[in-house]
Amino acid sequence: MEQFKNFIDYLSQPTIMFTLFMVGFPFFFPINSFFDKWHKRFGLNYLWTNGGLVLVMIGFVAFLLIGLDDPDFKKIVLKPDNVPIVGLLFLAYFFLWLSMKQAVNNDNRLESGKKPDEYYPVEQKVLVWPDLVYVEFISLILCTAFMLIWSLGLSAPLEEPANPAATPNPSKAPWYFLGLQEMLVYFDPWIAGVVMPGIIVFGLMAIPYLDRNPEGAGFYQYKNRRLAIFVYLFGWIVLWNLLIIVGTFLRGPNWNFFGPFEYWDTHKLEPLTNINLSEIIYIRFLNQGLPTNILIREIFGFILVIGYFLILPPLLAKTIFKRIYEKIGVFSYAVFVFLALTMISLPVKMYLRWFFNLKYLIAIPEYFFNI
Amino acid sequence: MSIKETHYDIFNLNRLFAMSSLFLFFLILWTFADDYVRSWKDYQKEFRKLESNLTVDLLNNESSRILELEDYNFALEELEKSQIDLNAKKVSIDSIGNIISKLKDDQFKYNQELGFAKSVYDVAKFEYEYAVTYYSSKKIEAAKKNMDLLYVDVEKNTLLVQEIEAALLNENNQLSILTSTFDKSNAKVSQLEMQKSLYERKLKTVDPNSMTLPNKIANFIRDLPILDLSNPYYKINQVIIPDIKENMIFAEVSRVDRCMTCHLGIDKKGYEDAPQPYTTHPNLDLYVSSASAHSNEEFGCTSCHAGRGRGTDFTTSTHTPSSPEQEKEWVEKYDWKEMHHWQTPMYPSQHYEAGCLKCHSSEASIPESKDLNIGLALFEKASCNGCHYVERYDGNLNQRIGPNLTHLSSKTDREWTYRWVINPQNFRHNTWMPNFFELMDWENEVDSLRTNQEIHAIVDYLFDNSQPFNMERNNISGDFSNGENLYNNLGCKGCHQIQEEPVEIIHTVATLRQEYGPNLIGLGSKTNKQWLFNWLKNPKNYHPETLMPNLRLSDKQAADLTSYLLEFKNDEFMSTDISPIDEDIQSFIAKEFLSKSNSNKVVEEMVSSMSLDEKIDYNGSKLVQHYGCTGCHVIPGYQDAKRIGVALDGEGSKPLNKLDFGFVKIPHNRISWFKQKIKYPRSFDKNKVAGPYDGLRMPKFGFSDYEAEKITTYILALNNDPNRVPPATPKKDFIEKGQWVVKQNNCMGCHIMEGKGGDILAHYESNPEYGPPNLNTEGAKVHPDWLLSFFENPNTIRPNIMVRMPSFGLGEKKWNDLISYFQYWDNQTVQYEADYVVEKNSSMYRAGKVIHDMGACNSCHFYGEKLPTGDPQTWAPNLALSKSRLRADWLVEWFRNPQQIMPGTKMPKPYIPSQDELTTADASEIFGTDLMQFAGKEDDILRGLTNYVYTIPGKQDISNEISSFFEENGYDFLNPQEETDEYDEYDDWGDDDW
């Protein structure tokens, strides 16, 4: 049991867990035939069947039940604040399954030449009265019952009176911002708190204008919408939900990492040895002091960042994104590639931090501008 | 639209709907149940049973009590008789009753008719008045006629009504005459039965079994769910205290205490033996009851006990278990959990007195708080205030309680001092100087060697910087046994002890008073003859802030005492080894200190350029500051040094995250941390990696669990909780200031004051009158200006006691504080009293003289230099001193009843002839006409006696005469049994001189 716990603690480290998800993600949502082959070889398409749902749900429940034995796990998971996030696990998977099941089903139908499910006129009508309203009413009753059970069972958490002289440790944002709070580890607050969320919102709004793929419109489909689904789900599952789960369960005092079975020791110390790119180059490699002129000092960072956003897109247009570029045109492509690169910049920054202890590519604290 | 048309499986949906509705319904029932079922209701139900049982008991007791009373039985008989009487008159009573009822009916009718007539008349009157104003004379006439007619009606009806009322009054009078005896005896019986009927009524409201059926039904209905919103029996009891607030950081809210919801018996007598939570609060006269100083309405519960007053549940009120065993019990019984988010949990039972100090902090010791007072006394005796600032001692107690080390080389030597510093208990087993060294069991050889060098540095520093001290040369050789006699009898035992072997005691405030001065063992190994002689003659010469007073010893006495005290040696102590000075370690220590403000390279250079002596001197000066010696001792060069410890005000409210638990496995709460700190101060450094001078410095006092618990109560009491300080009155102010003076100078070590203290009297068990006097009524007793002159220059008052009042030299301000304290304690607040004039040419005076002559006062009392006629055992104060010393009003009360003022005194009540004796035939011969005039007027006679005593002539201060007498003749009557072998050998007092 001890070994199992240690194994899970080991696996839950952000470096390992995130990498596993990153690497494994294309296999779950294959973007080309290579990944598709392995997707089928690993039997991952079983996930989107009824049996898969049952298995995964039971897996989650079993994991939670086994883990509840451990007092530290119990404390985190049963904390009234965190109970909804445990629910998030189930809900996120369920709705993902719901849509993927229909998508895979339609894929199979299309392959065998049939039309997708949604194509056929519905033999069955649904009337608003009494059908829909009746069902809604029953749902109302059941939802009320659920909420009553929840409120009677779990008391609202009340802690000590708010004291400006005593900050709680850890001090966590609401769950819907925990993804951003996790990003704060890797990015400057301005970027992680203002710029990135802005770009995320902008990106979400831009999706209908970027996604000009006429196929798969009006019915669930995976095969012809591979890229769109992959990109979106990557952003949703890996970059948002996963970070929320990490922030809720795996971040403890001083925002240190603690495995789910680990005791939250406030005195745990992690070495703080993060270094800026300018410092790496000038001080470590070149053995000089930092130049006084800011531009010269941060030139390498500027080169990298500007290159990333200005040089990389045309390169990508000629290679990987060639079809997209041709299909949607210059302007849309520019927006698309900007959003895609921004999205990828998060994992990139994370790995730069993990491998090189990199703090900022561009560090201009005098003007509060750090990337 | 056809309602029948549906495309879903309606049958299944109906089923689902039914089940989910039913489910929801039961859930809603559960919500109501969740709200209705409360644990406090169970407690209230149980208390109801207790209450009805108690009421039944009280009722039965009361019933049987009144049945025993003669008056009651007699009244019952009378009632019976009058009842029979009444029955006999039944017919006439009934007839009168009928008449009255008929009259009442008529009265109603006529009243109504009168009312209507008046009403109609009013209308006519209005019309007339209106007509006069606006209409013509014809209409005016008509209106007037109408009005007058109606007025006649009104008069007629009024008369009728008055007649009826008169008749009614008459009949009622007749009726009451008939029933008068019955009424009277009924009233008498009711009065005697009043308490019993109160109990009966109470029982009817409390006990469902004694209720009438309608009440039983109401009793059931009023507590049903939902219906209990109107007037339930079982409800939350709360008290709101608006001015002692609860601090919520951003707001302060009124305190709301709901404790009495379960603690129902707490303010009622009769539940002292009931199980908790119903037990009556101890000492109801002081706490909780409405008439007490800490009534529930004014203070609630949490202002003293802390806790969460708004809680209505055992756990959520933050009850704190007093031991791990109790915690286990509570977890089992009540599913108890610690509410660790509530910042002011309830004090566990052994620390409940921690709530007293926040309001009473200006007082030197808190009355009725035994545990807290022991904690205070321990804290003050151990001189915690020397390192840890506590505001309430500012201006009240000295910070530095340890000896003055400015002239150390004149007192003792390095040999002794080294051995003392390394472990004071080796020399004096019950010393209050704590252990600074060798107290951590995880220290190793290296630490031990370094410790030795540290002590060398400190000792050498002190001696090298010791300033010269001019000592009086004394060549008188002292008499050892006389010294012993002096020690035993002069009053040294009021503060000091000579206790060679440790004795197990549990400290109380009294035992701590007896340890006010050090245990005087081993002095022969510590100091020298010259120094001790000088010290005894005048302590303030050596140590200006010393608390030891001047005993006004003669040279011979001082020499005798010196030789006695120096007989006690401690060779074992002096024979322990001292390790030699090690230059390497001294360099290491110097480097450690120098690195705090210099770089490593500079430190190396500095140390290599210092000579050994310089290093030792530097180390000593740094170490003396590091260990905070300056907090308790005056040290040359560091007279103004700051305290090294944490200021302790507000320590009891310190958040847990500011207390460093280190790696010590104790429960994670304040109380455990304080206890651990007090017992093992440096234990929180265990297993930590740090330099030798980076760690904790608090020394170890060796407190027992009991003592640590009491001190923890005190620390908990130093908190920031909202308080309500008692209103400041001059009386309170003066008494408090005086009590601090009394505490600082250990007055209660010798004297009984406020009914406490007088610890030295344990040595005078068989004859307490040879001990220091009881200072009961001192404020009413003495003239304040005499008292001041006495304090500044004590002279002999009681001639035959050997124990003497020392000269404290406190200065006029402190003496005034003390004198005001005495006065306000006795409510004697007149500042200036006119000079008391005795009218010698009055019969009161002459009567007093007669009483005086009858009393033969000179058999015991001195009259100026004139010796009393009796033996020295019975000698009493100089009466020539009376006028300047004693106040007349007090003297009158003293004569009236000496035993009441000074229990155990040998002074008898002066003989006052009774009224009968003064009115016999030969009274004028025996007593004189002057006295006969005041027959039966004791006050006047006593006043006359007072006046006479005031005029007794003679020398007031006879101290010299007395001391020379006893120098010649000795005090052997004082302790006839206390003859040791040594005493016998040196028997040069000569008992036969008498």
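A search of the whole structure finds 56 salt bridges over all chains, a salt bridge being a side-chain nitrogen of Lys or Arg within 4 Å of a carboxyl oxygen of Asp or Glu. Side chains of opposite charge can pair when their charged atoms come close.

Before the details, a word on conventions. This is a predicted model, in which local features need pLDDT of at least 70 and side-chain atom pairs count only at pLDDT 80 or more, while totals for chains, interfaces and linings use all residues. Residues are numbered from 1 along each chain as its sequence is written, chains are lettered from A and ligands numbered from 1 in the order in which they are written, and side-chain values use heavy atoms, with hydrogens and water left out.

I begin with individual salt bridges in chain B. B:Lys556 and B:Asp560 meet through their side chains at 2.9 Å, N to O. Because they are four residues apart in helix α21 (residues 555-565) of chain B, about one helical turn separates them; helices here are DSSP runs of H or I, at least four residues, and strands are runs of E, at least two, numbered from the N terminus. B:Asp560 is buried at 0% relative accessibility, whereas B:Lys556, at 41%, is partly exposed. Buried means under 20% relative accessible area, exposed over 50%, and partly exposed in between, with a 1.4 Å probe and protein chains only.

A second salt bridge joins B:Asp930 and B:Arg846 at 3.1 Å, N to O. This pair links distant parts of the chain, 84 residues apart: B:Asp930 lies in helix α38 (residues 929-933) of chain B and B:Arg846 in helix α32 (residues 843-855) of chain B. B:Asp930 is buried at 19%, and B:Arg846 is partly exposed at 35%.

The third is between B:Asp889 and B:Arg943, with the closest N and O atoms 3.0 Å apart. B:Asp889 is in helix α34 (residues 888-896) of chain B and B:Arg943 in helix α39 (residues 938-950) of chain B, so the pair ties together parts 54 residues apart in sequence. B:Asp889 is partly exposed, with a relative accessible area of 43%, and B:Arg943 is also partly exposed, at 23%. In addition, B:Glu893, B:Arg896, B:Lys909, B:Glu938 and B:Asp939 are joined into one network by salt bridges that share partners.

How many salt bridges are counted between chain B and chain A? The count is zero. The two chains nevertheless have 25 residues of chain B in contact with 25 residues of chain A, contact meaning heavy atoms within 4.5 Å. Between them they bury about 2500 Å², 76% of it on carbon and sulfur atoms; buried area is the accessible area (1.4 Å probe) that two parts lose on being put together, summed over both. B:His7, B:Tyr8 and B:His341 supply 24% of the area that chain B buries against chain A, more than any other three residues.

Helix α7 (residues 128-153) of chain A also deserves mention. Its buried residues include A:Tyr134, A:Ile138 and A:Leu148, and part of what covers the buried residues of α7(A) is α1 (10-36) of chain B.

Finally, helix α4 (residues 90-134) of chain B has 45 residues. Among its buried residues are B:Ile93, B:Leu103 and B:Tyr128, and the buried residues of α4(B) pack against α3 (70-88) and α5 (137-192) of chain B.

Key. Expected span 1.5 Å × (residues − 1).
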